[in-house]
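Welcome to this tour! Keep your viewer open, and we will go from one selection to the next.

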Amino acid sequence: MDGQILGRRPGRSIYFPNRNHNFAACDAANESPAKEEAAMKKKQIILCILCISFLLSGLALLLYSPWKTAALTTTYRQEITRLKTYLDLESAVTDTNLPDSSRPFPQLWEDCEAYNRLLFATAQEALSAQTITEAPLSPTNDGWQAEAFGYLSIPAIALEAPVYLGASEKNLERGGAVLGQTSLPLGGENTNCVIAGHRSFQGAVLFRPIERLLPGDLVFFGNPWETLVYKVVETKIISPGDIQDILIQPGKDLLTLLTCAYPNDQRVLVLCERTEDAACEKETVFARRTVLRKTRPWDWFRTIRESPCGYFTK
């Protein structure tokens, strides 16, 4: 019974409610708001965790590309340092033991020269989508022991990359690559060395900055014997099938940089011509950086957007 009936007089009784019943009802009434409050706190905690997760994910995506680029740049510089060390050692050996030789790896030089002369004589008739991936020759047969054949340095955009022979996927992942059936990077008349590179790779920015190069910017290429200096002549967008733009131009000493444009169905081509005037390199780079620092961010963005070779080229 919920209560007790006391008293013996017929027709009259006194009802006393059960205390336990009242206490249970009070507890239930107090417990309901407590549960709602606990459920609300739980929802708030879950929402907070989700917001933090989204924030961290966005931050990770934002920082991944710069981190990957910095890591790859470090790898490039390490490879270039190894190459320079190797060249210094070989030069020292050559100067000591072979006083009659004007340069190290004389046989490799002769083979490279002969290859370049043959390309010009045959008008690069073997140039195709297949042959550009093949190495023009095997330097190891002439005593070359380094993996990279040289390195590219462009101070205006702070780009340094080792360069390999043959535009295979493996070489493109490791740096720049000389297209097969184009001139080897020796310089000289009737040559056009075409160096290709990925616009970006696995989140890292590689050759994308070359589309910001301006006429007059200096491009350096270090081969096994010397450092060649080129000046940017023009930058333009071409279709992948426009091989006319990468052919040798009679009487000229050229270096061509090539990478993907945006969208990916086009290519950015930077044509550079050999120059001996590298005395103003530091002044040119300093002046360019000074101009960029003084330029307002929105002006820089508009310049890139309106440029025929900008990031937003259609």
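**Start with the cysteines**

The structure holds zero disulfides. What you have open is a predicted model. A disulfide is a covalent bond between the sulfur atoms of two cysteines.

Select cysteine 51 and cysteine 48. Why is there no bond at cysteine 51? The closest cysteine sulfur, in cysteine 48, is 6.7 Å from the sulfur of cysteine 51, which is too far for a bond, because a disulfide needs the two sulfur atoms within 2.5 Å. While you are here, look at the surroundings: cysteine 51 has 46% relative accessibility, so it counts as partly exposed.

Now select cysteine 193. Cysteine 193 has a relative accessible area of 3%, so it is buried.

**On to the barrel**

Colour by secondary structure, and you should find five helices and 12 strands in the chain. In which order do eight strands close into a barrel? Going round, the order is β3-β4-β5-β6-β11-β12-β10-β9, with mixed pairing. On average, neighbouring strands of this sheet are turned by 30 degrees against each other, ignoring direction.

Strands of a sheet pair through backbone hydrogen bonds, either parallel or antiparallel. For an antiparallel example, select residues 253–260, strand β11, together with residues 267–274, strand β12; seven bridges join this pair. One more cysteine turns up here: the bridge partner of cysteine 260 is arginine 267, in β12.

**Zoom out**

Finally, show the whole chain of 314 residues, of which 38% count as buried. Switch on the surface: the accessible surface comes to about 19,100 Å², and 57% of that belongs to carbon and sulfur atoms.

Methods: Residues are numbered from 1 along each chain as its sequence is written. This is a predicted model: local features need pLDDT of at least 70, side-chain atom pairs count only at pLDDT 80 or more; totals for chains, interfaces and linings use all residues. Side-chain values use heavy atoms; hydrogens and water are left out. Two strands pair if DSSP finds at least two bridges between them. Helices (H or I, at least four residues) and strands (E, at least two) are DSSP runs, numbered from the N terminus. Axes are lines fitted to C-alpha atoms, for helices over the stretch in contact, and angles run from 0 to 180 degrees between N-to-C directions. Buried means under 20% relative accessible area, exposed over 50%, partly exposed in between (1.4 Å probe, protein chains only). Accessible areas come from the Shrake-Rupley method with a 1.4 Å probe; for residues, only the protein chains shown count as cover.
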